[in-house]
Amino acid sequence: MRRTLVSGSALFLLLALGCPPAADAQTRDDTLVYALQSDVDTWDPPNSVLREAIILGYHVFDHLAVRDLKTRRVVPNLALSWKALNDTTWEVKLRQGVKFHDGSPFTARDVKATFERVLDPAKKMTARGNHAKIKSVEIVDDHTVKFHTDGPYPIFVERLTALVMASEKVIKDKGHEWMQEHPIGTGPYKLVKWDRKHEHLLVRNDEYWGPKAPYKYVRIRIIPEQATQIAELISGGVDVIKAVPPDQIDVINKSGQARTASSPILRTAFLQLDQAARSGPNPFTDRRVRQAANLATDMDGIIKHVLNGLGDRVATAVNPMAFGFDAGLKPYKQDLAAAKKLLAEAGYPNGVDIVYNQGPPTVEPGLLQTDEAIVADLTKAGFRVKQNYVGDNTVFVARIKDSKAGPMFSFSWGYYSVFDADAILYDIFKCKETYAYYCNPAMDDLIIQGRSTLDQKKRAEVYAKAQKLAFDDAAYLFKWGLRGVWGISNRVDYQAPPDEVDRMFLVTPRKK
Amino acid sequence: MKRYALRQLLQLGVVVVGISMLAFAILHVIGDPVLLLLPLNAGKEEYERYHKLLGLDKPVYVQYWKFASRAVQGDFGKSWYTDTPAFTLVLERMPPTLYLTSAGLVAALLIALPLGILAALKRHSLVDNLCTMLAVAGQAMPIFWLGIMLIIVFAVRLKALPASGYGTWQHFLMPAFTLGAFLAPLTMRLVRSGVIEIMNMDYIRTARAKGVGENTVVVKHAFRNACIPIITVLGLQFGQLLGGAIVTETVFAWPGVATLTVESIRNQDFPVVQCAVVLLALIIVSVNFLVDMIVGLIDPRIRLG
Amino acid sequence: MKAVSARGEVVLEADEPAALRAGPPRMSLRRLWRFKWGVAATAIILTIVGSAVWAPWISPWDPLSVDIRHRLGPPAWMDGGTRAHVLGTDQVGRDLLSRVIYGGRVSLIIGVAAVLVSSSIGVLLGLAAGYFAGRMDWTIMTLVNVMLTFPFVLLALAVIAVLGPSLVNMIIVLGIADWPLYARVIRAETLAIREREFILAGRALGMSHARLVFRQILPNLVSVIVVIATLQVARVIILESFLSFLGLGVQPPTPAWGNMLGEGRVYMLNSWWIATFPGLAIFVTTLAINLMGNALRDWLDPHMKL
């Protein structure tokens, strides 16, 4: 009997203590730890809608062009230069001497293969829409390619920052499935290990063509609990976290271990109203109801009191940092009486029932709190809001794509980091686009017109008209341009990125 | 003993079949998988096509048979979200959960055994009352609250332990204690009542009357026999522990199967949910079987009963 | 033969069922004094139930009224606290005291309703298994075994994820979670009672099964059922907070203790009161229910093994 007990407890002890994996080889000093709230679904960035996939992509892959974080202009990267030969042809010169992680050289063939893969309708790649204007890619020589576009394509260069370069060999030999878990890029880091929903381990690519990253290892930890993330940051376990809730800023700053940094980011938040009736008939198909919603909410007050000022009120969904933003358009101001009157005119004198699908606060700071305030305001105007909280971002996005998110849902758009009004208007305001719950032929005309004009002054005029239309038609319930808040450990130096793409290869040890 | 083992094994088989049916029912009775997969505005034709594709046009028992015969070979289909086999996904995440639950069990025993025995021996004393209060209080505490408090005290304030994650033995301490605290109250009550019961038995009184030392009585006679219900319960607690593990894993960012299951439930990723539920149940059932065997070995009466 | 309740408490099958021992409990002051803890607990529970029932009259504010200008206000006795909000305000400026009072309403409704569901199912099946024995018994007990083995929390989550987290769904799911416990105990008791003379006599007289079961057997089991049910209310309240923590509980803005605790957890390092008071409410309530349940058991039948 005693033996059984002893061996039994020994077994438990063995299980409990004996088996965990050996401690990692890297030390704390040469390792940078970055936390994400949720994991990526794939390591194939153009096949994912998640911001996390874009961020991870920057570490292992390179883009033809990147944004200079100071000037916010697009500068060469894997491409050395580009020029428009005519309205529909662009020539791009490529960098020489760049190698993929598997040792093969980066050439024009890889660029062609990468674009063709994304553009192949059969593959159903998420990023296809971003590049749909490209008709074909032509190899001129090993390090020169020509892009043929479908009509003039003014944001061609901007879009070069939105696709990671994969290798032709991998695309042809290994195939799509393999690429979901095995990223082979030319980037500053290589993927060592991916423990799904737990951790990514990256190691520095010592043969990188550009400046070498200061830290040899980057651990990307998935920590779903915000409270736990903050605890990790201020106890020294994690070096960089993003999307810090505004109410937690003082906790971090007072900890002596870490500090916060904020930056306006290229992301606008709003509530989508199902004007297009994608989820079936609903009150928001009536413009007056949409206007009433916009008039009901005191967004300025919410920014001031709930977000501690961390937001920039906008009249529509176009971000102040994007090209084409019309600063002259004044946002809606709260006017409950007018809102009630409009609701009554629309046939809802006694109020109207609305289901509100809420996503998790993965990218939008303070989302849960601002949502409560918005719902409270809407209620005052006669909207009886039933909140439906969806806790997982992947599910939430899937639901939106599946037309199941109406009649009202929380949304924010990061422009795929393209600083241009087109990057939101096309995806969010054009009929039948994946995320658009708004459909208006007049708007479509303006969007197409803007896309097909190379003259930037004329484009700005077109976008001003589009914003006026979106405002007058109260296309969505407009909120604000976001400011991101990062938590940064005092042992490192790091600048908050305006495009929301955290780049761990730019983090340096703090000078003492 | 052989007959006893066979009988238990048979019961185990029945339970496993029952559980696989329940897991199957989650998908096919409660929800319509086609509706979950298709957009709302999909046409009737598309619906029918998917319906056929998933084999839903066949009678339920045929569907179940297909599910079960594949499941036996470890084939639960591919995850709807990540396109990887559900079985691989679940298996990958199984070890951390098993380590966590085992460690939780050990922690629970470390708390519950001494307190339970102490309470039983000093029955109706202040110590006993305190232990009982502690147990009741422990039961009344939501464990995620305890987990967050531990993080704040030991990681943030004292900086003595890593706040979350998985890897070294330090990472085990807080999650194991959290889970242990979840299980300890019940175990303690059990130990207490078990020991009390046995201390009143004739043979203990006889032993005492014979002048055997009190310590020997407690250790050799009483505790030994009190072990039987404790072991039994700990076996069954494995299922309960998993419930606690879900929350513990979430708070401590522990990469286990419990969080995977919750996530998959939220994602409505049913192949993964089914696979996880069946595998977890299999483990629980096997643990119970082992426990029955151990108890049967210790106490021959049980074999006959 | 082992017998273990859903929460893992051993219900060692008693050699003689409670019903055979239980005499009518006598009332006297001295007896009451022996249960002072139980009495105190009962008083606390009555207070909580009372405040939940009369919530609209006693709570100082509307629990849903948002006031973003007075967010994160500390309790009255702290610096910056005001008398207007005794327990402070939450992350959107709602009065915490009012929310705790109204939250009790929701939590208690869920607890009591779920227990009604689970005890009805469990008692019926337990009676059937014990009374008819044989194949019926085998089937029901196999079902009980499956349920006890199944990681139930997972099933509850799955069902709620599919059906959606409404109040009614939560009650149903939590109710179904717990019935095996009742079934197990009731079956054991019934098995013993059915062989007693008055039942045998009734059978000989040709009484119907229904009459025998509901008129003759059931009344003997009331005290057992009452005790289990009381203790289970506490468990359901805790389970509700689990589900809320995972985002599958009562949906905001409706206050329930569980979801208030869940929403406030990120504020633990600064505005600690948001999570602490609902947490305290859960703690005190379940503690009191447990104490009351234990006292009830000792009072009704000191030998009952639960």
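Start by selecting A:Ala442, A:Met443, A:Leu446, A:Ile447, A:Gln449 and A:Gly450 in helix 15 of chain A, then add A:Arg459, A:Val462, A:Tyr463, A:Lys465, A:Ala466 and A:Leu469 in helix 16 of chain A, which they meet (contact here has C-beta atoms, placed from the backbone, within 7 Å). The residues of this contact divide into 8 nonpolar, 2 polar and 2 charged (Ala, Val, Leu, Ile, Met, Phe, Trp, Tyr, Cys and Pro count as nonpolar, Asp, Glu, Lys and Arg as charged, and the others, Gly among them, as polar).

You are looking at a predicted model, where local features need pLDDT of at least 70 and side-chain atom pairs count only at pLDDT 80 or more, while totals for chains, interfaces and linings use all residues. Residues are numbered from 1 along each chain as its sequence is written, and chains are lettered from A and ligands numbered from 1 in the order in which they are written.

Now show residues 441–451 and 456–472 of chain A as cartoon: helix 15 and helix 16 pack at about 160°, with axes 9 Å apart (lines fitted to C-alpha atoms over the stretch in contact, with angles from 0 to 180 degrees between N-to-C directions). Helix 15 of chain A is therefore roughly antiparallel to helix 16 of chain A (the term covers angles over 145 degrees).

Next, move to residues 189–195 and 199–204 of chain A, where strand 8 and strand 9 pair in the antiparallel sense over 6 bridges (pairing takes at least two DSSP bridges; strands are DSSP E runs of at least two residues, helices H or I runs of at least four). Pick A:Lys190 and you will find its bridge partner, A:Val203, in strand 9 of chain A. In the turn of this hairpin, A:Lys197 has a positive phi of about 60°.

Finally, add strand 10 (residues 217–222) of chain A, which pairs with strand 9 of chain A in the antiparallel sense over 5 bridges. There, A:Arg219 stands opposite A:Leu201.

Conventions:
Parallel < 35°, antiparallel > 145°, perpendicular 65-115°, else oblique. Contact = placed C-beta atoms within 7 Å.
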